[in-house]
Amino acid sequence: MKTVNMDSVSKHYNGEKVLDNISLEIDESQRIVILGPSGCGKTTILRLIAGFIAPDTGSISIGGELVSKHGRIIKPPEQRNLGMVFQNLALWPHLSVKGNIEFGLKAKGIRKSERKVRIEKILNLVDMADYADRKPAELSGGQQQRIALARALVLEPNVLLMDEPLSSLDLDLNIRLRKEILRLQKKLEFSLLYVTHDQDEAFDIATRVVSMKHGRIEDVSTVASSRNQKA
Amino acid sequence: MARRIFLAFIIILLLAIGMLPVLSMLIKSIIVDGHFTLVSYKGVLTSRHQWTLMGHSIALSFLVTALTVAVGLPVGILLGKTDLPFRKFFTVLFVVPLLIPPYIIAVSWSDLLGREGLLAHLFGASAIKATARFLFGLPGCTAVLFSIFLPIPMLLTIIFLRTINPRLEEAGRLVSGWHGVMKGITIPLILPGVLLSAMLVFLLSFGEFSVPNFLRYDVFPVESFTQFSAFYNFKAATAAAVPLAVVTLILLLVEAAFLRERTYQLCPSSEVEHLPQIELGAHRKWLLALIAIMAFVIVIVPIVVLVIQSAGIDAYAEALNRAGGNLMRSLMYAVIGATLLTFLGFFTGYLIQTKALRYWRSIDSLTIFLFALPSTVIGIGLISLWNTPWTNFIYGTPIIIVLGYLAKYTALTSRVSVTQLAQIPPSMEEAAQVAGARWFRRAAFIVAPLARRGLLAGWLVGYIFSLRDTGITMLVYPAGHETLPVRIFTLMANGSPQLIAALCMVMITATLLPAGILWMIPGIMTRKVTR
């Protein structure tokens, strides 16, 4: 079953076309990386799927259900069951690590006892159980990445959207976290849509790489499975 | 080096204009005939009447603060965060009462609800008893000051909403509706701004005396003013002013300790235009109606009442005849004050924005302290410092009025400059530096032209606040230099309601006309700095 389906989507900003007739499908448990230079429209694709903006033309379906179409958002972001890791992580500075993770659980009306269990579980999974009461500012860059991942995954989303999440890290940490993302994806089996401008990062993570330029898809290539086995 | 020396000079100037009078007042209140004494304070602190007045002041300030924040926050969110129609129009409209002398709003409501008011003429004096009782006292004072200070939490909410990184809200939107995001993320993030606005409203209400004086609600600042102007008891006036300064200082220290470091993540300016917006959907119509009704009651009604009350050429002819000179003087002092405030505010803002000297934060705090300080305190301080035979060229001339404007309102022009300077990439000045330009050249030919919108906006703010000033001017104006707001205030005791209303309308026109003209000239207030 297709988890996400973008059909002939176009988007303009201030009269300038940023996406031109994009069609893209993401299958269950697939890892798709969108690769391209700055300004090619990769982040716009994530924001369209998340439901922050509506496509000017074309439609988007998630789990077989139409979520936006022709300038109209049919399902708001909170009803799409997506997780997202932002480029600047967007950890809420006034909340603790636990508070950041708990926010979504509370919003979904999950009971306190279950919230506690799920927070513990996800923090253990990202190896951050000892940091539950810290504020984001008290964590290192790598630790903040893990918390952003934990926050995005705690609601067990169908699709995880990642917007250049490792771009600000040094190469060493970048490579270690790539492995971490792959480990979590294989364990939790969510679909992953990952945006980057780094070719190495793209081919390290993806099962399929979508290359973009000037708002158009230039090429789609399947990555040799042997390359992913490293993880 | 030139930059550091010049900015150090600006600091010294600011200290001399603002802090020296306050210190002089303090010293003179505790040193009498060369000896340390607290006798002036004894009278103030042991008097039951004074404590009652202090209680009134605190009650009034607390009520006004609670009401303005409770209403200003949601109104600010509606105007700054949603797709409500005519948001900019309503934002400007709500700000109008803040721009005119506070007592004018009180006069207008008195003209409507008072025993001799318009409603009394329509429905009879007996029917109007309850409204008159409401207006003259704590409830009326609270309502009038609420309508005047509402723009402060409203504007600060709008401004702080624009500083939130949109990604923080979007991260919340993935799991929650707008209601949950506002409650759990947005409002906690703008809380420092909301608390800052609460503190400002509290201090401004605490120091305000013209409205309580007119609406006959005895508060502490009136005491200081009365001691000086009615009894000419300078020591008692000073002793009554010091507690006001102390309360201001304590609140600002609390603000500095708890709030200033809690401003979280600033939004990159490039993202300001793409801030997430709440779509009101089905609620749009009734919320629009609610805001329109609020604006009508708070802003339109008081102005319409003054227009009706002053109807007829005769009232305006008499107004210009009796106060034409005062109007011209007011305009002249306001223009001079605004120009100097723009100059001082630009360099203070530059110092704060670039952190060019180690003491930038102290200067920021100093300007805010002086702005928050009740006008009576600054007025008494200026008299205390400059009323000597050697300094009569200041005390006996309008210079003292302008010094009062500079002491009180530099915080405003400095804030406007900081906001504008923050929009200019540091590389602009750095490029000029690399090209060999010295600091004065860089400031004059690169920074100032790029900040021209801020300079113009600063000038307008300086002009409006200098023109509306009553508290300081009333205390310090030399004989023959009475300004229009002071003239209206003194005429209120025995002038006809028609004359007062006409003078108030003249005052409102003189205040808002320049702002309106500049707003309408395309390109002056609307063009952005090229990045």
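1. Starting with B:Phe94, since this is a predicted model and a well-packed side chain is an easy place to begin looking. B:Phe94 has contacts with B:Val75, B:Leu79, B:Leu150, B:Pro151, B:Met154, B:Ile291, B:Met294, B:Ala295, B:Ile298 and B:Val299, once residues up to four places away in sequence are set aside.

2. Zooming out from there, B:Phe94 is one of the residues with the most contacts inside the largest nonpolar core, along with A:Ile45 and A:Leu193. That core runs to 257 residues. Its top contributor is helix 11 of chain B (residues 178-207), which puts in 15 residues.

3. Now the interface. Chain A and chain B bury about 1,800 Å² between them, and 68% of that lies on carbon and sulfur atoms. On the chain A side 22 residues take part, and on the chain B side 19 residues.

4. What about charges across the interface? The rule finds 2 salt bridges between chain A and chain B. One to pull up on screen is the pair A:Arg47 and B:Glu170, whose side chains meet at 2.6 Å, N to O. As for polar contacts, the count between the two chains is 4 residue pairs, both partners at pLDDT 80 or more.

5. Which pieces of chain A do the touching? Helix 1 (42-50), strand 7 (82-85) and helix 2 (97-107) each supply at least two residues to the side that touches chain B. Sorted by class, that side of chain A has 14 nonpolar, 4 polar and 4 charged residues.

6. B:Leu161 deserves a look too. It sits in helix 9 of chain B (residues 151-161). Buried or exposed? B:Leu161 counts as buried because its relative accessibility is 2%, and the cut-off for buried is under 20%. Beyond four places in sequence, B:Leu161 touches B:Gly76, B:Ile77, B:Gly80, B:Lys81, B:Thr186, B:Ile190 and B:Leu275. B:Met428, on the other hand, is 267 residues along the chain from B:Leu161, with 28 Å between their C-alpha atoms.

7. Last one: B:Thr391, in the loop between helix 18 (375-386) and helix 19 (392-395) of chain B. At 15% relative accessible area, B:Thr391 is buried as well, again going by the under 20% cut-off. Where does its side chain go? The side chain of B:Thr391 reaches the backbone oxygen of B:Trp386 at 2.5 Å. Leaving out neighbours within four places in sequence, B:Thr391 is in contact with B:Leu385 and B:Trp386.

Conventions:
Residues numbered from 1 in each chain as written. Chains lettered and ligands numbered in written order. Predicted model: local features only at pLDDT ≥ 70, side-chain atom pairs only at ≥ 80, totals over all residues. Heavy atoms only, no water. Core = buried A, V, L, I, M, F, W, Y, C linked by side-chain atoms within 4.5 Å. Buried < 20%, exposed > 50% of the residue type's maximum accessible area, 1.4 Å probe, protein only. Helix = DSSP H or I, 4+ residues; strand = E, 2+ residues; numbered from the N terminus. Contact = heavy atoms within 4.5 Å. Buried area = accessible area lost by both parts, 1.4 Å probe. Salt bridge = Lys/Arg side-chain N within 4 Å of Asp/Glu carboxyl O. Polar contact = N/O pair within 3.5 Å; in protein donor to acceptor, adjacent residues only side chain to side chain. Nonpolar A, V, L, I, M, F, W, Y, C, P; charged D, E, K, R; others polar.
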